[in-house]
Amino acid sequence: MSKHSGGCHCGAIKLESDLDPMVVNVCNCQRCRVLTGSVAIAALYSDEEIQLAGETTTYTYTGGSGMEVNAHFCPICGCRIVSVAEAFPGMGAYPIGIFEKSELFKPKSEIFTNYKLPWLQNDGCIVESFEEAAVGERLMLLLEELEKR
């Protein structure tokens, strides 16, 4: 049995990984709030670390970095499965809500804090906060986590 598993609402798409995510990140930008319908919290995995079963449909948009992001959804229930940003090749951002035990995922970093909803609180788990996209800083954080694997 995998360490982390989950999938879409209707069950057409399944995912699993034997590893914890490299980083769990909160994005506070308005774009992500609209696209997710809430505050965006995602678990970042490399493409090799997570297995997906099922076909997705894709919506492409320009992310906060100014580069393309491909958001993959279940074509049946519309559940967002993964976002793949051109700024982070080989990585996928999986919404923590699609994991069966999403309570195990605690955010370590957050971006676009200048757009953060005023009532959101940090309980101490977030150690890196950035006002904007902070692509370079987040890449460094990912590399640090990769070295620990």
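Reader: Is Phe-112 buried or exposed?

Author: In this predicted model, burial is judged from relative accessible area, and a residue under 20% counts as buried. Phe-112 has a relative accessibility of 7%, so Phe-112 is buried.

Reader: Where does Phe-112 lie in the chain?

Author: Phe-112 belongs to the loop that runs between strand 10 (109-111) and strand 11 (128-129).

Reader: What should one notice about the phi of Phe-112?

Author: As a general idea, most residues other than glycine have a negative phi. The phi of Phe-112, by contrast, is positive, near 55°, although this residue is not a glycine.

Reader: Let us turn to another loop. Is Pro-89 buried or exposed?

Author: The word "exposed" applies to a relative accessible area over 50%. Pro-89 has 67%, and therefore counts as exposed. Pro-89 is placed in the loop between strand 8 (80-85) and strand 9 (91-95).

Reader: How many residues separate Pro-89 from Asp-47 along the chain, and what is the separation of their C-alpha atoms?

Author: The two are 42 residues apart along the chain, while 9.1 Å separates their C-alpha atoms.

Reader: Which residues form the negative surface patch?

Author: A patch of this kind joins like charges within 9 Å. Here the negative patch consists of Glu-128, Glu-137, Glu-144 and Glu-147. Helix 2 (residues 135-148) supplies its largest share, three residues.

Reader: Why does Glu-144 count as partly exposed?

Author: Partly exposed residues fall between the limits of 20% and 50%. Glu-144 has a relative accessibility of 44%, so Glu-144 is partly exposed. This residue is found in helix 2.

Definitions and conventions:
Residues are numbered from 1 along each chain as its sequence is written. This is a predicted model: local features need pLDDT of at least 70, side-chain atom pairs count only at pLDDT 80 or more; totals for chains, interfaces and linings use all residues. Side-chain values use heavy atoms; hydrogens and water are left out. Patches are made of residues with over 30% relative accessible area and no salt bridge: like charges are joined within 9 Å, nonpolar side chains (Val, Leu, Ile, Met, Phe, Trp, Tyr) within 5 Å. Accessible areas come from the Shrake-Rupley method with a 1.4 Å probe; for residues, only the protein chains shown count as cover. A salt bridge is a side-chain nitrogen of Lys or Arg within 4 Å of a carboxyl oxygen of Asp or Glu. Lys and Arg count as positive and Asp and Glu as negative; His and the chain ends are not counted. The place of a charge is taken as NZ of Lys, CZ of Arg, CG of Asp or CD of Glu. Helices (H or I, at least four residues) and strands (E, at least two) are DSSP runs, numbered from the N terminus. Buried means under 20% relative accessible area, exposed over 50%, partly exposed in between (1.4 Å probe, protein chains only).
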